Amino acid sequence: MEKAIIVYGSNTGNTETLAGALSDELKSRYEVTTRNVIDITPQDIVNYDLIVLGSSTWNEGELQDDFQEFYDEMDQLDLSGKKVAVFGPGDSSWDEYCRAVDILEEKSRQLKANLVTPGFKWDGDIDEEAINEIKKWASKLH
Ligand SMILES: Cc1cc2nc3c(=O)[nH]c(=O)nc-3n(C[C@H](O)[C@H](O)[C@H](O)COP(=O)(O)O)c2cc1C
């Protein structure tokens, strides 16, 4: 079975909840590892077939705090041929809506990753609809 890793950064638990739903969906097709970004470094993700990065957006368009250091260290990576996908919750009442998703996709592109599907952005509370939608999105991650 191919291996997938989900890396998330979350202040109030929303990205973490989405990561859990993603993991449930991916488990039928991948051996899934889920890690809080504070517990790992970029070098820990290179041996996975699918890398899923999740960050909420804070402070007018910035990555979730814990993700910043990981992001800075990502420059050491070569993600050529790696399948990568990005997700994150946000709130469209802020100007820089879900900017963290764009930031992580842009970095992944620079590192030559294969972005398998456009990033998943969710506006507002993580309710049942959010869970259903991220599972639909996860079903596209092959
Ligand atoms: C002070 C503050 C700043 C925020 N800034 C943004 C922002 O710039 N863009 C955005 O889309 N959402 C923004 N949000 C909304 C959060 O991203 C959203 O609540 C998210 O679900 C939090 O996820 P987390 O609990 O995983 O950190 C902000 C929220 C707060 C409280």
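This briefing walks through a nonpolar core, a helix pair and a few single residues worth finding in the structure. Keep in mind that you're looking at a predicted model. The core has 39 residues, the helix pair is H1 with H4, and the single residues include Ser-108 and Cys-98.

**The nonpolar core**
- The largest nonpolar core has 39 residues, and the ones touching the most other members are Ala-4, Ile-6, Leu-22, Ile-51 and Val-52.
- The biggest giver to this core is strand S1, residues 2-9, which puts in five residues.
- Try clicking on Ile-6: if you skip its neighbours within four places in sequence, its contacts are Ala-19, Leu-22, Ser-23, Val-32, Thr-34, Val-52 and Gly-54.

**Where H1 meets H4**
- Helix H1 covers residues 14-26 and helix H4 covers residues 128-138; their axes come within 9 Å and cross at roughly 45 degrees.
- Because of that angle, H1 counts as oblique to H4.
- As for handedness, the H1 and H4 crossing is right-handed.
- On the H1 side, the contact is made by Leu-18, Ala-21, Leu-22, Glu-25 and Leu-26, while H4 brings Ile-131, Ile-134, Lys-135 and Ala-138.
- Sort the residues of this H1 and H4 contact by type and you get seven nonpolar, two charged and no polar.

**Ser-108, a serine on the inside**
- You'll find Ser-108 in helix H3, which runs over residues 99-110.
- Is Ser-108 buried or exposed? Ser-108 has 22 C-beta neighbours inside 10 Å, so it counts as buried, the cut-off being 20 or more.
- Leaving out neighbours within four places in sequence, Ser-108 is in contact with Leu-79, Val-84, Val-86, Ala-113 and Leu-115.
- Ser-80 sits 28 residues from Ser-108 in sequence, yet their C-alpha atoms are 9.5 Å apart in space.

**Two residues with positive phi**
- Some background first: most residues other than glycine have a negative phi.
- Cys-98 isn't a glycine, but its phi is positive, at about 50 degrees.
- Look for Cys-98 in the loop between strand S6 (83-90) and H3.
- Cys-98 counts as buried because it has 24 C-beta neighbours inside 10 Å.
- Lys-112 isn't a glycine either, and its phi is a positive value near 70 degrees.
- Lys-112 is in the loop between H3 and strand S7 (114-115).
- With 13 other C-beta atoms within 10 Å, Lys-112 is partly exposed, whereas Cys-98 is buried.

Key. Residues numbered from 1 in each chain as written. Predicted model: local features only at pLDDT ≥ 70, side-chain atom pairs only at ≥ 80, totals over all residues. Core = buried A, V, L, I, M, F, W, Y, C linked by C-beta atoms within 7 Å. Buried ≥ 20, exposed ≤ 12 C-beta atoms within 10 Å, placed from the backbone. Helix = DSSP H or I, 4+ residues; strand = E, 2+ residues; numbered from the N terminus. Contact = placed C-beta atoms within 7 Å. Axes fitted to C-alpha atoms, helices over the stretch in contact; angles between N-to-C directions. Parallel < 35°, antiparallel > 145°, perpendicular 65-115°, else oblique. Left-handed = near helix turned anticlockwise from the far one by under 90°. Nonpolar A, V, L, I, M, F, W, Y, C, P; charged D, E, K, R; others polar.
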